[in-house]
Amino acid sequence: MKDSTKEIISWIAVFAVAFILAFVLNKFIIINAKIPSGSMEDTINIGDRVFGNRLAYKSKSPKRGDIIIFWSPVKENTYYIKRIIGLPGETVEIKDRTVYINGEALKEDYISEDNWIKKGQEGKWIIPEGQYFMMGDNRDNSTDSRAWGPIEKKDIVAKAFLRYRFWKPLIKGIE
C-alpha cells in the first residue's frame with residue numbers, strides 16, 4: 001500500500017473515532033443547551049449556553065438549588081431549564097414574595113429583588129413522591145411549576161454545571 005493511501009486511511013480513522021466519541025458524549029453523558037428566554041436571569045441570560053451532566057442523578061437524588069435541564073411538561077420535544085425549589089414530600093408555599101418550604105422561609109441569595117416585583121403569585125403546593133417543584137430565578141418572567149405543577153424525576157435530563165457564551169463580534173454587520 002502506498003504511503004498516501006495509508007495517510008488517507010489514518011485520517012478517516014481519526015475522524016471516525018472523533019465522530020463516534022462526540023456522538024456518545026452528546027447522547028449519553030453531556031447535553032449542550034442554548035437559553036432562549038430570560039426565565040433564569042440573572043443567573044443564566046438569554047443567548048447563554050449551558051452544559052449539563054446527564055449522569056448526575058443516576059446514583060443520587062436531585063437537591064434543592066440544583067439547576068436542571070428537563071423535558072417540558074407543556075411543549076413536546078422541548079427542554080426547559082429551572083432551579084429545583086421543592087423536593088418530594090415537601091409543601092411549597094409562596095406568599096408576600098417569599099417561598100416557604102414546610103413553613104420555613106427559603107433563603108434565596110441567587111435572585112435579586114428586581115426579579116420578583118409583582119404580587120399575586122401566591123399559592124401552596126404539596127409535592128408528591130418522585131416529583132420536584134421548579135422555579136425560574138427571574139420569578140416575574142418565568143412559567144414554571146407555579147403554572148404547570150411539579151415535574152417527575154423521569155423527566156429530568158441533566159444537571160447544569162457550566163454556563164458559557166459565544167460573544168458577538170465587536171464590528172457591526174459581521175455576524
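In the predicted model, Val-50 has Arg-163 of strand 11 as its bridge partner. This bridge belongs to the pairing of strand 2 with strand 11 (residues 156-164), in which the two strands run antiparallel and are joined by five bridges. Strand 11 also pairs with strand 3 (residues 67-71), again in the antiparallel sense, through three bridges. Within that second pairing, Ile-69 is matched with Ala-158 of strand 11.

These pairings form part of an open sheet of seven strands, arranged in the order 1-2-11-3-4-9-10 with antiparallel pairing. The sheet is bounded by strand 1 (30-34) and strand 10 (151-152), each of which pairs on one side only. Helix 1 (residues 3-29) packs on the sheet, where it touches strand 1 and strand 2 (49-53). The direction of helix 1 makes about 80° with that of strand 1. Elsewhere in the sheet, strand 4 (residues 79-86) and strand 9 (residues 131-135) are paired antiparallel over three bridges. The bridge partner of Gly-86 in strand 9 is Phe-133. In general, the strands of a sheet pair through backbone hydrogen bonds, in either a parallel or an antiparallel manner.

The protein as a whole contains two helices and eleven strands. Along the sequence, these elements follow the pattern α-β-β-β-β-β-β-β-β-β-α-β-β. The radius of gyration is 21 Å, well over the 16 Å that the globule rule gives for 175 residues, so the protein is more spread out than a compact globule. The C-alpha atoms fill a box of roughly 75 × 45 × 30 Å along the principal axes. Of the 175 residues, 35% are buried. Among contacts between residues at least 6 apart in sequence, 58% join residues at least 24 apart.

Aromatic side chains were examined next. A search of the whole structure yields eight aromatic pairs. One of them is formed by Trp-11 and Phe-15, whose ring centres are 6.1 Å apart and whose planes lie at 35°, so the pair is tilted. Both residues belong to helix 1, and because they are four residues apart they are separated by about one helical turn. Trp-11 has a relative accessibility of 47% and therefore counts as partly exposed. Phe-15, with a relative accessible area of 56%, is exposed. A further tilted pair is made by Trp-125 and Phe-133, with 4.9 Å from centre to centre and 45° between the planes. Here Trp-125 is buried, at a relative accessible area of 17%, and Phe-133 is likewise buried, at 0% relative accessibility. Phe-133 thus appears both in this aromatic pair and as the bridge partner of Gly-86. In addition, one aromatic cluster is formed by Phe-51, Phe-161 and Tyr-164.

Two basic side chains are placed over aromatic rings. Arg-83 lies over the face of Tyr-110, at 3.6 Å from the ring centre. Lys-95 lies over the face of Tyr-100, at 5.3 Å from the ring centre.

The surroundings of strand 9 were considered through two residues, Glu-129 and Gln-131. Glu-129 is located in the loop between strand 8 (123-126) and strand 9. With a relative accessible area of 65%, Glu-129 is exposed, because the threshold for that class is over 50%. Leaving aside residues up to four places away in sequence, Glu-129 touches Pro-88 and Gly-89. The C-alpha atoms of Glu-129 and Ala-105, which are 24 residues apart along the chain, are separated by 22 Å.

Gln-131, in contrast to the loop residue Glu-129, is found in strand 9 itself. At 17% relative accessibility, Gln-131 falls under the 20% limit and therefore counts as buried. With residues up to four places away in sequence again set aside, Gln-131 touches Gly-86, Leu-87 and Pro-88, together with Pro-150, Ile-151 and Glu-152. Pro-88 is thus touched by Gln-131 and also by Glu-129. Of the other residues touched by Gln-131, Gly-86 is the residue bridged to Phe-133, while Ile-151 and Glu-152 make up the edge strand 10 (151-152).

Definitions and conventions:
Residues numbered from 1 in each chain as written. Predicted model: local features only at pLDDT ≥ 70, side-chain atom pairs only at ≥ 80, totals over all residues. Heavy atoms only, no water. Pairing = 2+ DSSP bridges. Contact = heavy atoms within 4.5 Å. Axes fitted to C-alpha atoms, helices over the stretch in contact; angles between N-to-C directions. Phe/Tyr/Trp six-rings, centres within 6.5 Å; stacked < 30°, edge-to-face > 60°. Buried < 20%, exposed > 50% of the residue type's maximum accessible area, 1.4 Å probe, protein only. Lys NZ or Arg CZ within 6 Å of the ring centre and 35° of its normal. Rg over C-alpha atoms; globule rule 2.2 N^0.38 Å.
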